[in-house]
Amino acid sequence: MSTPVITASALTKTYGDFTAVDGIDFEVAPGESFGLLGPNGAGKSTTMRMVGAVSTRTSGSLSILGLDPNNHGPDIRSQLGVVPQQDNLDQELRVRDNLLVYGRYFGLPRAVVAERADALLEFAQLTDRKKAKVDDLSGGMKRRLTIARALINEPRILLLDEPTTGLDPQARHILWDRLFRLKEQGTTLVLTTHYMDEAEQLCDRLVVVDKGRIMAEGSPASLIREYSSREVLEVRFGSDKNAEAAERMAGVGERLEVLPDRILVYSENGEAALEAVTHLGLEPITSLVRRSSLEDVFLRLTGRSLIE
Amino acid sequence: MSAASLPAAATTAEVALQPRRSALYAGNTGAVIHRGLLATRSTNYLVVLSGFFEPVFYLLSLGIGFGALVGTVQTSTGQEVPYAAFIAPALLAVSAMNGAVYDSTWNVFFKLNYSKLYQGMLTTSLGPLDVALGEIFLALLRGAMYALGFMVIMQAFGLNLAWTALLALPAVLLIAFGFASLGMAITSYMKTFQQIEWVTFIMLPMFLFSATFYQITVYPEAIQWVIQALPLWHGVELVRGLTTGALSPMMFVHVGYYLVMIAIGVVFTTSRLRALFLK
Amino acid sequence: MTALDQTQRPDAARAIAAGAAPRRWGSWYIAEHRIRAMKGYAGDAIFQSLGNPLIYLFALGVGLASLVPQGVGDVTYLQFVAPALMATAAMTVTANETSYPVMMGFKWNPIFFGMNASPITGAQIVNGMMIHIALRVIVTVSIYFGVIVLFGAVPSSWGWLAIGAATLTGMAIGVVIATYTSTITEDRGQMAMLQRFGITPLFLFSGTFFPLEQLPIFLQPIGWVSPLWHGTELGRVATYGLDEPVWLTVTHVGYLATLFVVGLWATRKHFTKRLNK
Ligand SMILES: Nc1ncnc2c1ncn2[C@@H]1O[C@H](COP(=O)(O)OP(=O)(O)OP(=O)(O)O)[C@@H](O)[C@H]1O
Ligand SMILES: [Mg+2]
């Protein structure tokens with residue numbers, strides 16, 4: 001692996017007594033697409049802010065592009081594009097002006113900024129709204145503008161904190177496509193998401209974090225191999241009968257996961273597992289056999305109701 | 001405004017459940033007032049209390065500091081009174097105006113556009129008129145408390161020159177109601193904070209010129225006419241007449257002025273409620 | 001913590017090169033942004049900064065002055081009150097710009113966080129805002145000065161120095177307010193408190209409408225610590241040669257300058273701390 005662009009070791013952030021990020025280690029290679037998954041409050045955004053050089057770590061070490069954010073915040077940020085979890089566009093400015101002033105913060109010449117702003121408006125499909133007030137945009141449009149703004153300095157590293165939350169499917173695919181292309185051009189992507197399909201699509205490698213710690217790390221495929229079976233059987237008995245059915249199903253498949261509305265049976269062979277269930281005299285209302293996905297990994301690693 | 005213009009969201013069953021629910025009014029102003037009182041209780045008492053200090057500061061500064069340069073002045077009815085007794089009733093009227101205007105413009109605007117308080121209220125069965133009336137009521141309640149406090153101060157400084165000063169209290173509420181009802185209608189046209197600043201800007205000359213600190217006779221007749229057409233002058237003259245005990249038939253004109261203003265304000269605001277709250 | 005900076009690495013060197021311009025000019029980029037944001041209401045702002053002096057001078061210089069025909073000291077009441085109004089106008093502009101806008105920038109329109117995600121630092125955000133505010137104040141005060149000259153309220157030919165005095169006053173008050181507003185995380189009516197217990201008493205008890213000595217002795221200390229009083233007296237020295245000892249004039253300047261420096265330092269500290277969550 002070539003020299004990493006981001007190196008974190010024993011990275012920790014505490015707020016008073018509370019430890020939001022608890023000694024995590026990871027590296028991100030140039031041009032890689034790296035994902036952070038984890039439940040609400042896991043510490044993803046906090047990690048992103050530290051990587052974004054706007055939040056001072058409590059301890060551990062962190063190096064971005066070979067520089068320590070404590071000493072080189074502005075230099076590091078000059079190479080970053082940031083899409084924060086919550087939009088922080090300037091609502092007093094119009095759409096295009098938001099891009100213009102933001103470009104200026106990087107010390108880019110006005111002409112360059114203007115040219116990029118128009119291209120980015122096109123990309124964000126906001127060209128016809130460029131004179132609109134930010135406040136008057138829909139939630140998804142604001143999100144697109146925030147993403148466009150993050151690209152104004154042609155960043156080496158793009159930090160995306162739940163970038164597609166609130167986007168419609170079409171805008172989402174356009175963004176994915178754009179991110180692929182940026183990646184091809186060598187941009188490093190670091191993203192968090194709660195959409196497992198997005199993580200599978202976009203990430204070369206990801207970590208699952210929970211309570212400030214890394215629970216697992218690897219490519220989507222290897223994580224699925226490691227933490228889940230090949231297939232999954234989903235059965236429903238109706239919400240009040242699931243628990244009872246699950247008890248009787250103990251031993252079917254490799255592992256069971258009882259969710260409020262259904263039971264997941266992890267097995268190399270889903271059809272065989274279904275046969276085993278009906279053999280027990282249970283009659284699920286619905287049943288479905290599918291391939292394992294990241295969602296299963298996520299549930300396994302962070303879910304509460306695990307029955308091994 | 002007809003009910004037919006409403007989106008047909010309410011099913012007949014709902015209507016039956018809430019017989020009093022109409023397009024703009026659910027007859028539940030009490031809930032808004034209750035919320036307002038709770039909010040006051042859980043926020044800062046000092047803030048609420050601070051409103052009382054503003055006119056007191058003015059009285060101390062101008063009445064005492066500047067008053068020392070001036071001595072006594074003549075009121076419009078020819079009475080010779082100490083400067084502090086001259087401006088105290090005016091300050092009472094002005095603070096009623098300021099409080100009412102602040103509550104019906106800045107405050108309403110802020111809750112509408114920033115804290116999104118009203119959005120939350122209006123997703124319930126409350127109608128915009130409930131909210132508007134509730135806010136006006138709260139503004140008046142605050143205004144009454146301040147006025148009462150200030151009158152106690154006036155009494156302590158010996159600035160209430162007649163028993164009729166007691167009537168200044170209802171007069172102040174009349175003034176506050178007039179400004180609050182009109183203020184909300186005006187807020188419905190506002191889009192930005194800068195526009196609200198215009199309201200403040202326009203109130204400034206009214207505050208300074210309406211016989212607050214000196215007789216309007218220093219101005220040419222034409223300007224005097226303009227001042228007398230504006231509401232604050234009527235308020236100042238009314239309250240001053242009551243606290244100095246100089247009753248005159250003109251007072252009926254002043255009161256009438258405010259009654260008309262309130263009538264216009266209420267009708268105007270009601271007609272603008274949709275624009276204000278249901279954007 | 002030892003920094004393991006590898007500044008020789010090509011991408012690190014590139015970052016440092018790209019960071020150079022924002023490090024040097026960042027404050028000006030912010031000022032530019034704030035000015036651009038004014039585009040929507042620049043007309044109103046100018047109109048108001050012209051309208052305000054006219055109204056106040058007409059009301060106080062003509063109306064209130066009629067109650068004080070003898071004037072104050074050796075000058076007419078209008079001449080006495082004009083420099084005070086000018087300093088007050090400066091205070092009003094800076095107080096407006098450093099109260100809600102600062103709170104908004106952290107909360108309802110959290111642009112400061114956006115700015116800080118770019119190479120711009122918290123200190124530069126403060127600097128940039130102050131540059132913008134200073135420009136606004138200078139324009140406002142200059143217009144004010146022009147109007148009071150027309151009213152014949154500036155007998156001294158050194159009167160234009162009052163523009164500097166008023167600007168310094170406004171900025172000193174502005175940074176002090178920003179020091180406070182940059183720490184507000186929850187809106188509990190602090191702005192109203194600031195207005196009622198800060199700005200209004202300053203306006204009323206700073207020797208604005210009458211010499212400070214007219215006040216009972218227990219109220220006079222408000223004036224001594226009030227930057228507005230120092231600024232107003234300074235303005236009076238400039239516009240009509242108010243007779244005061246040199247040490248006092250020096251104190252006015254020193255007091256205001258100190259407030260400004262300390263306030264700016266503290267505001268920058270608060271911004272940096274708050275942006276670094
Ligand atoms: N400024 C702060 N002060 C105190 N606690 C904080 C602060 N910021 C975050 N936290 C806490 O740190 C923890 C991690 O928060 P963080 O925002 O990083 O979570 P997250 O993984 O991004 O969650 P989500 O998926 O909900 O966005 C949370 O418990 C949060 O309450
Ligand atoms: Mg988050």
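Is R96(A) buried or partly exposed? With a relative accessibility of 22%, R96(A) falls in the partly exposed class, because buried would call for under 20%. Keep in mind that this is a predicted model. The close-ups below start with that arginine and then move through the chains.

**Close-up 1. R96(A) pairs up with D118(A) in a salt bridge.** Let's begin with the chemistry: side chains of opposite charge can pair when their charged atoms come close. Here the closest N and O atoms of R96(A) and D118(A) are 2.8 Å apart. The two partners belong to distant parts of the chain, 22 residues apart: R96(A) is in helix α3 (residues 95-105) of chain A, and D118(A) is in helix α4 (residues 110-123) of chain A. D118(A) is partly exposed too, with a relative accessible area of 35%. This pair is one of 31 salt bridges found over all chains when the whole structure is searched.

**Close-up 2. E32(C) and R36(C) form a salt bridge within one helix.** Why are these two separated by about one helical turn? It's because they are 4 residues apart in helix α1 (residues 10-38) of chain C. Their closest N and O atoms are 3.8 Å apart. The two ends of the pair land in separate accessibility classes: E32(C) is buried, at 17% relative accessible area, whereas R36(C) counts as partly exposed, at 21%.

**Close-up 3. R236(C) meets both a glutamate and a ring.** Which side chain joins R236(C) in a salt bridge? That would be E233(C), with an N to O distance of 3.0 Å. Both residues sit in helix α10 (residues 227-240) of chain C, and they are separated by about one helical turn because they are 3 residues apart. E233(C) counts as buried at 12% relative accessibility, and R236(C) is buried as well, with a relative accessible area of just 1%. Over in chain A, salt bridges that share partners tie E234(A), R236(A), D261(A), R262(A), R290(A) and D296(A) into one network. Back in chain C, the charged end of R236(C) also sits over the ring of F80(C), 3.7 Å from the ring's centre.

**Close-up 4. K277(C) lies over the face of F113(C).** Here's another charge-over-ring view, this time with a lysine. K277(C) is 5.6 Å from the centre of the F113(C) ring.

**Close-up 5. Phenylalanine rings from chains B and C gather in a cluster.** Chain B brings F52(B), F53(B) and F57(B), while chain C brings F197(C) and F205(C); ring pairs link them together. Searching the whole structure turns up 32 aromatic pairs over all chains.

**Close-up 6. A nonpolar patch lies on the surface of chain B.** Which residues make this patch of about 360 Å²? They are L37(B), F137(B), L141(B) and M145(B). Helix α6 (residues 128-156) of chain B gives the most to the patch, with 3 residues. F137(B) is found in that helix. At a relative accessible area of 41%, F137(B) is partly exposed, so it clears the patch cut-off of over 30%.

**Close-up 7. Chain A is split into two domains by the domain assignment.** Domain 1 covers 6-220 and domain 2 covers 229-291. How far apart are their C-alpha centres? The distance between the centres of domain 1 and domain 2 of chain A is 39 Å.

Technical notes. Residues numbered from 1 in each chain as written. Chains lettered and ligands numbered in written order. Predicted model: local features only at pLDDT ≥ 70, side-chain atom pairs only at ≥ 80, totals over all residues. Heavy atoms only, no water. Phe/Tyr/Trp six-rings, centres within 6.5 Å; stacked < 30°, edge-to-face > 60°. Lys NZ or Arg CZ within 6 Å of the ring centre and 35° of its normal. Patch = residues over 30% accessible without salt bridge, like charges linked within 9 Å, V, L, I, M, F, W, Y side chains within 5 Å. Areas by Shrake-Rupley, 256 points an atom, 1.4 Å probe, with all protein chains shown as cover. Salt bridge = Lys/Arg side-chain N within 4 Å of Asp/Glu carboxyl O. Buried < 20%, exposed > 50% of the residue type's maximum accessible area, 1.4 Å probe, protein only. Domains from an automatic or database assignment.
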